[in-house]
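User: I am new to this structure and should like to learn how its features are read. Could you guide me through them?

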Amino acid sequence: MTKVRFYHNPRCSKSRQALALMEERDVDLQLVRYLETPLTVAELKKLAATLNCAPRDFMRRSEAIYKELDLDREGVSDAELYKAIVAHPVLLERPIAIHGERAAIGRPPENILDVLKSA
């Protein structure tokens, strides 16, 4: 069985709750503390494809840096959004669980259970 990759921020209550759900089920995890090890643009593009969504859909739009960088303005390209997430990983929504070709954002934390069904 392949590991479930879990993008985790230990300071986030939703991330901790999702991690607990996986640990209760004894899931083999690859824990990624993305604030310490930011994703690359290539990894973010793959994540977008796996989640089947645009980069803005897995960004934390309520973060101050999102507003400071004016990322909500008309005409911001996906490339600009990816670069912003790489430069400011706090913009990445959390938690995110990936297993094979399946991924889910854990908001609410129970969303990750769909990914676990294939684990």
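Analyst: The following dialogue moves from the overall fold to two helices. This is a predicted model, in which local features need pLDDT of at least 70 and side-chain atom pairs count only at pLDDT 80 or more, while totals for chains, interfaces and linings use all residues. Residues are numbered from 1 along each chain as its sequence is written, and side-chain values use heavy atoms, with hydrogens and water left out.

User: How many helices and strands are there in the protein?

Analyst: Helices (H or I, at least four residues) and strands (E, at least two) are DSSP runs, numbered from the N terminus. The protein has five helices and four strands. Along the sequence, they follow the pattern β-α-β-α-α-α-β-β-α. The radius of gyration is 14 Å, close to the 14 Å that the globule rule gives for 119 residues, so the protein is as compact as a globular protein of that length. Here the radius is taken over C-alpha atoms, and the globule rule is 2.2 Å times the number of residues to the power 0.38.

User: What percentage of the residues of the protein count as buried?

Analyst: A residue is buried under 20% relative accessible area, exposed over 50%, and partly exposed in between, with a 1.4 Å probe and protein chains only. By this criterion, 43% of the 119 residues are buried.

User: Which residues of helix 2 are buried?

Analyst: In helix 2, residues 41-51, the buried residues are Leu44, Leu47, Ala48, Thr50 and Leu51. They lie on the same side of helix 2, because they cover an arc of only 165 degrees around the axis. The arc is that of the directions from the helix axis to the C-beta atoms. The face turned away from this buried side carries the exposed residues Ala42, Lys46 and Ala49. After helix 2 comes asparagine 52, with a positive phi near 60 degrees.

User: What do the buried residues of helix 2 pack against?

Analyst: Packing is read from contacts, meaning heavy atoms within 4.5 Å. The buried residues of helix 2 pack against helix 4 (78-87), strand 3 (96-99) and strand 4 (102-105).

User: Which residues of helix 4 are buried, and which are exposed on its other side?

Analyst: Leu81, Tyr82, Ala84 and Ile85 are buried in helix 4. Seen down the axis, these residues fall within an arc of 160 degrees, so they line one face of the helix. Lys83 and Ala87 are exposed on the other side of helix 4. Helix 2 is included in what covers the buried residues of helix 4.
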